[in-house]
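Welcome! Let us take a walk through this structure together, beginning with its ligand.

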Amino acid sequence: MNEALEKIKQKILDGEAQLTNSKAVYEFKKSFLDSKTGKIGQLMKEMRNIPPEERAGYGKGVNELKEWANQFFSDIEEKIKEKELQLKYESEKIDVTMPAKSVETGNLHPITQMRNQLIDVFTGMGFEVYEGTEIENDYYNFTALNTPKDHPARDMQDTFYLSPEFLLRTQTSSGQIHVMESKKPPIKIISPGKVFRSDDDATHSPMFTQMEGLVVDENITLCDLQGMLDMFVKKIYGDGTVTRLRPSYFPFTEPSVEVDCSCFECGGKGCKLCKGTGWIEILGAGMVNKKVLENCGIDSEKYSGFAFGIGIERTAMLKYGINNIKLLFESDLRVLKQLDD
Ligand code: DAH
């Protein structure tokens with residue numbers, strides 16, 4: 001019988017090499033020590049078939065084997081647990097020197113960036129922001145701005161009419177009227193916002209963004225306008241930039257001017273951007289027409305003012321070197337990601 005016990009012991013020892021994890025140990029241990037199905041457990045059941053005089057010796061042998069096996073498995077279990085714990089610690093180890101995973105961040109749309117920059121520059125000079133509405137009536141968009149129904153200047157702005165009276169504003173100049181109706185001078189506001197015209201090519205879009213400026217007070221002159229514009233172009237296009245005024249025509253300003261700034265690409269020598277002239281047209285402006293002041297109940301003998309209108313897409317296109325306005329509206333991330341200041 002001793003031989004049978006020896007065989008079992010040898011089987012256990014032979015199996016040791018395969019015991020690489022707790023589950024394997026559990027299964028292997030069970031196959032020997034389970035009281036019903038285990039090989040050692042079954043040896044106990046054999047007891048009744050053993051002749052009575054051999055029973056004591058047999059029982060002792062089985063018990064010794066059982067004790068040995070219990071000790072053997074608990075030693076292995078301890079080793080395996082230790083090893084598994086070590087592996088767990090390894091796998092959970094945090095390397096604090098590893099570089100962080102980079103998080104992709106978005107950026108503001110170039111039009112929003114440009115708009116914010118312009119607002120920053122002008123609020124820095126004491127301007128307040130007035131945001132008008134995109135739907136206007138004919139009076140605020142045209143008539144009060146000295147552009148009555150039959151005025152030829154209306155043809156310059158192909159208008160989206162919503163009804164005979166209401167329209168999508170074609171210019172932020174309509175904001176001037178709302179402000180002058182509700183506020184007495186001194187007035188110093190900018191009015192950024194979307195405007196709409198039935199116009200569509202490489203440099204025009206049916207929806208675009210303007211920023212109107214209006215200053216009304218006693219003794220305001222064209223010199224004040226140019227002084228302020230000079231500050232403005234230096235902040236947006238760089239320190240060396242200067243402006244020049246050319247005579248122009250807008251119904252709501254008299255005199256009216258077209259404002260150019262010296263080419264910030266070539267410094268005025270002449271290049272592709274300024275088409276060899278050294279100058280780039282950046283906005284329209286002028287002294288507020290007395291008729292417009294009077295339409296808003298402001299005494300045009302006592303007060304004078306200047307106004308200007310900036311195209312925000314145009315400013316952004318010049319600044320970022322974009323030749324097609326559509327690139328600003330197509331939401332192509334490859335383009336938009338490059339335009340981050
Ligand atoms: N409203 C004009 C336009 O959309 C731009 C403009 C020109 C605004 C002269 C002004 C100004 O305030 O004085 O073309």
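The paragraphs below look at the ligand and its surroundings, then at one residue of a strand.

A word on the basis: this is a predicted model, in which local features need pLDDT of at least 70, side-chain atom pairs count only at pLDDT 80 or more, and totals for chains, interfaces and linings use all residues. Residues are numbered from 1 along each chain as its sequence is written, and side-chain values use heavy atoms, with hydrogens and water left out.

Start at the ligand, which has 16 residues around it, each with a heavy atom within 4 Å. Those that come nearest are Gln171, Ser173, Arg197, Gln210 and Glu212. By kind, the shell holds five nonpolar residues, nine polar ones and two charged ones (Ala, Val, Leu, Ile, Met, Phe, Trp, Tyr, Cys and Pro count as nonpolar, Asp, Glu, Lys and Arg as charged, and the others, Gly among them, as polar).

Now look at single atoms. Arg197 places a polar side-chain atom 2.6 Å from an oxygen atom of the ligand, while a polar side-chain atom of Ser173 lies 2.9 Å from a ligand nitrogen atom. In the side chain of Gln210, an N or O atom is 2.8 Å from an oxygen atom of the ligand. Strands β5 (207-217), β8 (279-288) and β9 (304-311) each give two or more residues to the shell (strands are DSSP runs of E, at least two residues, numbered from the N terminus).

Finally, find Thr209 in strand β5. Is Thr209 buried or exposed? Thr209 counts as buried because its relative accessibility is 6%, and buried means under 20% relative accessible area (1.4 Å probe, protein chains only). Its side chain makes a polar contact of 2.6 Å with the side chain of Glu313; such a contact is a pair of N or O atoms within 3.5 Å, and within protein one must be able to donate a hydrogen and the other to accept it, while residues adjacent in sequence count only if both atoms are side-chain atoms.

Terms used: Helix = DSSP H or I, 4+ residues; strand = E, 2+ residues; numbered from the N terminus. Buried < 20%, exposed > 50% of the residue type's maximum accessible area, 1.4 Å probe, protein only.
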